[in-house]
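Got a minute to walk through the empty spaces and the strands of a fold? Let's have a look at it together.

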Amino acid sequence: YDSKGDHYMHIKDYGKAYDTYMKAYAMDPQWGLKKAREAKKIEGREAVKASVAALLDKYDSAFRAKDAPAAVALLAGEGLFCGSDPSEIWNKKQISAIWTQGFADTSMTIDFAVDKREIIVSDDENSAVAIEQLYFRTFSPNIMWRIIFHAFKSGEDWKLDFISWNFIPKNEDIKKLNKALE
């Protein structure tokens, strides 16, 4: 059962790994308990990552749909929201007004697909840092964006209390960008 648990860990079926390790432990206390605890810990982290991913999916959907009320509903009351320009540092009320006004522009389309998403969960599993990388075709089709989020658990829900939108040019393009800005 210990080896079978190792197999389940390898295929990332942490629930089955836990159950199988616990069977090994029940048969012989020198086997499985430490691994079972690790499987349970990873299973919990993966559940938190899935919850944060669902929050980001809602955010991305609301943004694409230009649904300011739905996007704002995902934000914490106290938060910091940083645009791509150094002067753009907003609170929830300010970002709400910006989104409401910007999304009302019927000529603007919001077109993006997330190329990469990473989520790191805190040890207490009550907060997470996430990044999404994408090309914002509407605003910058040639320079990738990296959006950095901080999410925290608020009751049974997750909220965003930090978002930072950043351009991330490729290293080989930095010289060209600096030259263009001279």
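What follows is a short chat between a visitor and a guide.

Visitor: Which residues lie nearest the centre of the largest pocket?
Guide: First, this is a predicted model, where local features need pLDDT of at least 70, side-chain atom pairs count only at pLDDT 80 or more, and totals for chains, interfaces and linings use all residues. Residues are numbered from 1 along each chain as its sequence is written, and side-chain values use heavy atoms, with hydrogens and water left out. On a 1 Å grid over the protein atoms alone, a cavity is a set of points where a 1.4 Å probe fits but cannot get out, while a pocket is an open set with protein on both sides within 12 Å along at least five of seven lines; lining residues have an atom within 4 Å of a point. Of the 16 that line the largest pocket, those nearest its centre are Phe 63, Trp 90, Ile 98, Trp 99 and Phe 139.

Visitor: Which helix gives the largest share of that pocket's lining?
Guide: Helices (H or I, at least four residues) and strands (E, at least two) are DSSP runs, numbered from the N terminus. Five lining residues of the largest pocket come from the helix spanning 92-103, and that is helix 5.

Visitor: How much space lies in the largest cavity?
Guide: The structure holds one cavity of 30 Å³ or more. A volume here is the space filled by probe spheres set on the grid points, which are joined across faces, edges and corners. For the largest cavity that gives about 40 Å³.

Visitor: And which element gives the largest share of the lining of the largest cavity?
Guide: Tyr 59, Asp 60 and Phe 63 are among the lining residues, as are Leu 134 and Phe 136. The largest share is three residues, and it comes from helix 3.

Visitor: Is Ser 127 buried or exposed?
Guide: Ser 127 is found in strand 4, and its contacts (heavy atoms within 4.5 Å), leaving aside neighbours within four places in sequence, include Ile 120, His 150 and Trp 158. Buried means under 20% relative accessible area, exposed over 50%, partly exposed in between (1.4 Å probe, protein chains only). At a relative accessible area of 17%, Ser 127 is buried.

Visitor: How many bridges join strand 4 to strand 5?
Guide: Two strands pair if DSSP finds at least two bridges between them. Strand 4 pairs with strand 3 in the antiparallel sense over seven bridges. Strand 4 and strand 5 also run antiparallel, with Glu 132 partnered by Ile 147, and the number of bridges joining these two is nine.

How values were computed. Contact = heavy atoms within 4.5 Å.
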